[in-house]
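Me: Got a model I'd like to talk through. Can you pull it up?

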Amino acid sequence: MLDLQSLLNDISQTLSNQTDRGKVADYIPELAKQDNQHFGMAIATIDGQLFSTGDAFEPFSIQSISKVFTLTMALGKIGDKLWERVGREPSGTAFNSIVQLEQERGVPRNPFINAGAIVVSDVVLADHQPKETIGEIVRFIRCLADDDSIMIDEDVAQSEGDTGFRNAALANYMRAFGNLHHPVEETLDVYFHQCAIAMTCVQLARSGLYLANGGMNPLTASKVVPRHRVRRINAIMMTCGHYDGSGEFAFCVGLPGKSGVGGGILVIVPDKAAIAVWSPGLDPNGNSKLGTMALEMLVAKTGWNVFGA
Ligand code: DON
């Protein structure tokens, strides 16, 4: 029998001795304040069990992990028409790269690089006021996690707004190609606030369960998305969820995952569980260094891997 709690304790213990813990994101001033000594991990299983270790109950900035939830919402709103405005190929470039956008005429490679996620936020905005849409995103995530305490960290949102010149450049560039339908400031307002949502590993693991369970949220017994769409979201997480580190993540972990520069990673084990890990120190691709190491240790012991146990 797999003892997931002992396994998490062992991983946490082993990593506590790690001295090279990566570098916290410093291009968003609020995130630069994070302490890279944090480590937390949680596993939520589709049959209702929860395992956790370390700082698994401490909220952190989910950043790009929010892109999984807004992608789910955008597909719900406009279905496959989304793919006319954003691709689904790995980019092979950094998450905030602008070079490809010119060659590809304002259509971003995938929904997880910043440009693609900004288009997705534009779709979710759908002629509403940014405030309403931001509320809709938070309500959606609260519903997924079955937890009404999930909030936006307004200081992080403000910090991103104050310094998000690159994202503004990407957004303006896409607007010039007609691929943003709302004023740039409104779409970015939504994008910055979704990135600034704060969640714990436990909340995040629970919120990912619909992707492990064929589109049904086992916490609330409600259907979130059809099964065929879950397969697609998981496929994009696998191929694009770690930017230019996606190939390496598939090679070493072998599960659909999405990282954020707050140091979190959400991982889906189809038909079994959702895992969240958090450690703020990042590798050069902007993915959590200890988070990735922890996941490698976990899959080595559990055999959880979509390419075969
Ligand atoms: O737009 C940004 O740069 C951040 N709000 C999100 C980037 C991010 O999380 C990339 N992930 N590793």
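Reply: Here it is; let's go over the domains and then the cysteines.

Reply: This is a predicted model, so to speak plainly about cut-offs: local features need pLDDT of at least 70, side-chain atom pairs count only at pLDDT 80 or more, and totals for chains, interfaces and linings use all residues. Residues are numbered from 1 along each chain as its sequence is written, and side-chain values use heavy atoms, with hydrogens and water left out.

Me: Which domains does the assignment give?

Reply: Domain 1 covers 4-60 + 199-302 and domain 2 covers 64-195, with bounds from an automatic or database domain assignment. Their centres, taken over C-alpha atoms, are 21 Å apart.

Me: How much area do domain 1 and domain 2 bury between them?

Reply: About 2900 Å², with 70% of it on carbon and sulfur atoms; that is accessible area (1.4 Å probe) lost on putting the two parts together, summed over both. In domain 1, Arg229, Ile236 and Tyr243 lose the most to domain 2, together 20% of what that side buries.

Me: How many salt bridges between domain 1 and domain 2?

Reply: 0, counting a side-chain nitrogen of Lys or Arg within 4 Å of a carboxyl oxygen of Asp or Glu.

Me: Switching topic: how many disulfides?

Reply: 0, where a disulfide is a pair of cysteine sulfur atoms within 2.5 Å. Cys201 is in none, and the nearest cysteine sulfur, that of Cys195, is 18 Å away.

Me: And Cys240, why no bond there?

Reply: Because its closest cysteine sulfur, in Cys195, is 17 Å off, too far for a bond. Cys240 is also buried (under 20% relative accessible area, 1.4 Å probe, protein chains only), at 3%.

Key
Buried < 20%, exposed > 50% of the residue type's maximum accessible area, 1.4 Å probe, protein only.
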